[in-house]
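Visitor: I would like a close look at a single part of this protein. Please take one residue in a strand and work outwards from there.

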Amino acid sequence: MGFTATGISTTTVTTDQQAPLGFKLTVPDGNNGTQEWTYILADEALVIGDIVVANDTGIGTSSAYHGIQSNGGVAAVIVLGVAQHVIALSSYGFVQSGGQAAYVKGDGSVAAYDAVVPHTAGLADTLDTDEGEMVFGYALADDAANSG
């Protein structure tokens, strides 16, 4: 995994800020190219596979990099990334915002090669009619229902 000049990595989670919110870290991913990670503040607890979107209210400040679980259909530009590890409430950490993700929670309806969109409870759902602006990625495999 990659590290920043200050020594934090994609898995670093702290209660004190270690990098600017929105900071991008790019790391190699073997034969899969690279991954991009975005540094956020969690406005609610996040678990592995949660689709993380910008909290439009933010706790304490109005920042585009305050993250919460997706809670329904939102435009892809609101998606900050997918949590690949636990980030506790009011903690800072990275979510994966580009490249091949190891895990994305699905609602049980996603098939391999489907375009995926944010759904409720941090889950991914398949593209439906008139949701093109919501597509944030493509499934590489079928999912199974994931209750979290």
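**From one strand residue outwards**

Guide: This is a predicted model. Its mean pLDDT is 85, and 85% of the residues reach 70 or more. Confidence varies between the elements. Strand 6, residues 92-98, has the highest mean pLDDT of them, at 97. Strand 8, residues 124-126, has the lowest, at 81. Where pLDDT is low, the predicted coordinates should not be read in detail.

First, the setting. The protein has nine strands and zero helices. Read from the N terminus, the order is β-β-β-β-β-β-β-β-β. Of the 148 residues, 46% are buried. The protein exposes about 7300 Å², and carbon and sulfur atoms supply 53% of that area. Sequence separation matters for what follows. Take the contacts between residues at least 6 apart in sequence: 57% of them join residues at least 24 apart.

Now the chosen part. The residue is Thr38, and it sits in strand 2. Strand 2 covers residues 34-42. Thr38 counts as buried because its relative accessibility is 1%, and the cut-off for buried is under 20%.

Look across to the partner strand. Strand 2 pairs with strand 6 in the antiparallel sense, over six bridges. Thr38 has Val95 of strand 6 as its bridge partner. Along the chain, Thr38 and Val95 are 57 residues apart. In space, their C-alpha atoms are separated by 5.5 Å. Strand 6 is itself mostly covered, with six of its seven residues buried.

Next, the contacts of Thr38. Leave aside its neighbours within four places in sequence. Thr38 then touches Gly22, Phe23 and Lys24, along with Tyr65 and Leu80. It also touches Gly93, Phe94, Val95 and Ser97. Leu80 belongs to the range of strand 5, residues 79-82. Gly93, Phe94, Val95 and Ser97 fall within the range of strand 6, residues 92-98.

Follow the chain out of strand 2. The loop between strand 2 and strand 3 (51-54) holds Val47. Val47 counts as partly exposed because its relative accessibility is 31%. Val47 joins Ile48, Val86 and Tyr103 in a nonpolar patch on the surface. Together these residues have about 320 Å² of accessible area.

Asp50 is in that loop too, between strand 2 and strand 3. Its surroundings contrast with those of Val47: Asp50 is buried, because its relative accessible area is 0%. Asp50 forms a salt bridge with Lys105, and the closest N and O atoms are 2.7 Å apart. The structure holds one salt bridge. The pair links distant parts of the chain, 55 residues apart. Lys105 comes from the loop between strand 6 and strand 7 (115-118). Lys105 is also buried, because its relative accessible area is 4%. Strand 2 and strand 6 are thus paired, and a salt bridge joins a residue in the loop after strand 2 to one in the loop after strand 6.

Step back to the approach to strand 6. Ser90 lies in the loop between strand 5 and strand 6. Ser90 has a positive phi of about 65°, although it is not a glycine. Ser90 counts as partly exposed because its relative accessibility is 39%.

Go on to strand 7, beyond the loop of Lys105. Strand 7 belongs to an open sheet of three strands, in the order 8-7-9, with antiparallel pairing. Strand 8 and strand 9 (137-138) are the edge strands, and each pairs on one side only. Two bridges join strand 7 to strand 9. Ala115 stands opposite Tyr138 in strand 9.

One more backbone detail belongs here. Ala121 lies in the loop between strand 7 and strand 8. Phi of Ala121 is near 55°, a positive value in a residue other than glycine. Ala121 is partly exposed, because its relative accessible area is 43%.

Back to the start. Thr38 is buried, and Val95 is its bridge partner in strand 6.

Technical notes: Residues are numbered from 1 along each chain as its sequence is written. This is a predicted model: local features need pLDDT of at least 70, side-chain atom pairs count only at pLDDT 80 or more; totals for chains, interfaces and linings use all residues. Side-chain values use heavy atoms; hydrogens and water are left out. pLDDT is the predictor's confidence in each residue, from 0 to 100. Helices (H or I, at least four residues) and strands (E, at least two) are DSSP runs, numbered from the N terminus. Patches are made of residues with over 30% relative accessible area and no salt bridge: like charges are joined within 9 Å, nonpolar side chains (Val, Leu, Ile, Met, Phe, Trp, Tyr) within 5 Å. Accessible areas come from the Shrake-Rupley method with a 1.4 Å probe; for residues, only the protein chains shown count as cover. A salt bridge is a side-chain nitrogen of Lys or Arg within 4 Å of a carboxyl oxygen of Asp or Glu. Buried means under 20% relative accessible area, exposed over 50%, partly exposed in between (1.4 Å probe, protein chains only). Contact means heavy atoms within 4.5 Å. Two strands pair if DSSP finds at least two bridges between them.
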